[in-house]
Structure formats: structure tokens, C-alpha cells
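Hi,

Here is the structure I promised to pass on. Have a look at it first, and then read on for what turned up.

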Amino acid sequence: MLPITDYQKIGIGVTGFGVFFLFFGIIFFFDKGLLAIGNILFISGLTLVIGLERTFRFFFQKHKLKGSAFFIGGIFVVLIGWPMIGMLLETYGFILLFGGFLPVVINFLRRVPVIGNILNLPGISSVVNRIAGDPSNSMV
């Protein structure tokens, strides 16, 4: 098992608070203050968890520049006061950046007891299989 440093523990908490503020920023009709705080905390926490150099290398790989530009641009658009447009840009950038992880996340969630049962329901399962890129399990 890999040891977790104190900075990584703090980073997990900061990232969690960032997701919390982003969630409530969206719930409260795209409140720009909550979204701005959530974005700053999320990026700061991610940097604490994986390190400054690895964060920089992740966001600025040649094949991820488009996703990084949309994600970081969306953060700046939220910070200048256009939360709806900024969150749309961020969401598109997030999908471009982390889209490769979706099949892994979906396969993990299928093994979680309650969530796995929900993901295997007839209507949901065909959508989830299409997102995961698994044509053998998709319903016809």
C-alpha cells in the first residue's frame, strides 16, 4: 500500500470542499461566488494531491491542450462574472480532459452494491454501456 503524505490528505479535503462548493453553486442557480470558490479549491486540492509538476504535466500535454484551454478558460469566465457560460466551458473541457477515465469509473461503479444495481436497470444500462464504450453489453 502506498503511503499518503500529509499534503495529499489535505489535498483530498480541499478537493472535496471544492466539489461541495461547485455543487452548491450550481444548486443555487449558478451563484458566481460559490462557483469561483469551488473552482479555486478544486484546482488547489488537485495540485496538493498529485503535486505541482504532475498537475502541470497533466494539463499541458499536447493532446490535452484543447480540453485544458476550455477548462481553464471556463474558470476565468466564471471569475469575471458569467457563471452559466463559464460552467458550460468547464464541463466541455472536463469531458475532454477526463473522458478517458469514464469507462474505468463506470466499471468501478458497477461493482458498488446499490449503484451497480441502478446502473444495470434496463433503460439506464444501455446509456451507461454506450458511455463506457462497451458494445458487447449494450441492449439491442
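Let's begin with the surface: the protein chain exposes about 9700 Å², and 75% of that area comes from carbon and sulfur atoms. Do keep in mind that this is a predicted model.

As for the fold, the protein chain has eight helices and zero strands, so reading from the N terminus you simply get α-α-α-α-α-α-α-α. Its C-alpha atoms fill a box of roughly 45 × 40 × 30 Å along the principal axes. The protein chain has 140 residues, and 31% of them count as buried. If you take the contacts between residues at least 6 apart in sequence, 48% of them join residues at least 24 apart.

On charges, there are 10 positive and 5 negative side chains in the protein chain. The centres of those two sets lie 9 Å apart.

Now for one helix worth a look, α3, which covers residues 52–59. Which of its residues are buried? They are Thr55, Phe58 and Phe59. Viewed down the axis of α3, these buried residues fall within an arc of 90°, so they line one face of the helix. And what do they pack against? The buried residues of α3 meet α2 (32–50), α4 (65–80) and α5 (83–98). Turn to the face pointing away from the buried side, and you find the exposed residues Glu53, Arg54 and Phe56.

I also picked out two asparagines for you. Asn39 sits in helix α2. Is Asn39 buried or exposed? Its relative accessibility is 2%, and the cut-off for buried is under 20%, so Asn39 counts as buried. Setting aside neighbours within four places in sequence, Asn39 is in contact with Leu22, Ile75, Val78 and Glu90.

The other one is Asn107, which belongs to helix α6 (residues 102–111). Asn107 has a relative accessible area of 35%, which makes it partly exposed, because that label covers values between the 20% limit for buried and the 50% limit for exposed. If you want a distance to try out in the viewer, go from Asn107 to Val77: they are 30 residues apart along the chain, and their C-alpha atoms are separated by 34 Å.

Cheers

Methods
Residues are numbered from 1 along each chain as its sequence is written. This is a predicted model: local features need pLDDT of at least 70, side-chain atom pairs count only at pLDDT 80 or more; totals for chains, interfaces and linings use all residues. Side-chain values use heavy atoms; hydrogens and water are left out. Helices (H or I, at least four residues) and strands (E, at least two) are DSSP runs, numbered from the N terminus. Buried means under 20% relative accessible area, exposed over 50%, partly exposed in between (1.4 Å probe, protein chains only). Contact means heavy atoms within 4.5 Å. Accessible areas come from the Shrake-Rupley method with a 1.4 Å probe; for residues, only the protein chains shown count as cover. Lys and Arg count as positive and Asp and Glu as negative; His and the chain ends are not counted. The place of a charge is taken as NZ of Lys, CZ of Arg, CG of Asp or CD of Glu. The arc is that of the directions from the helix axis to the C-beta atoms.
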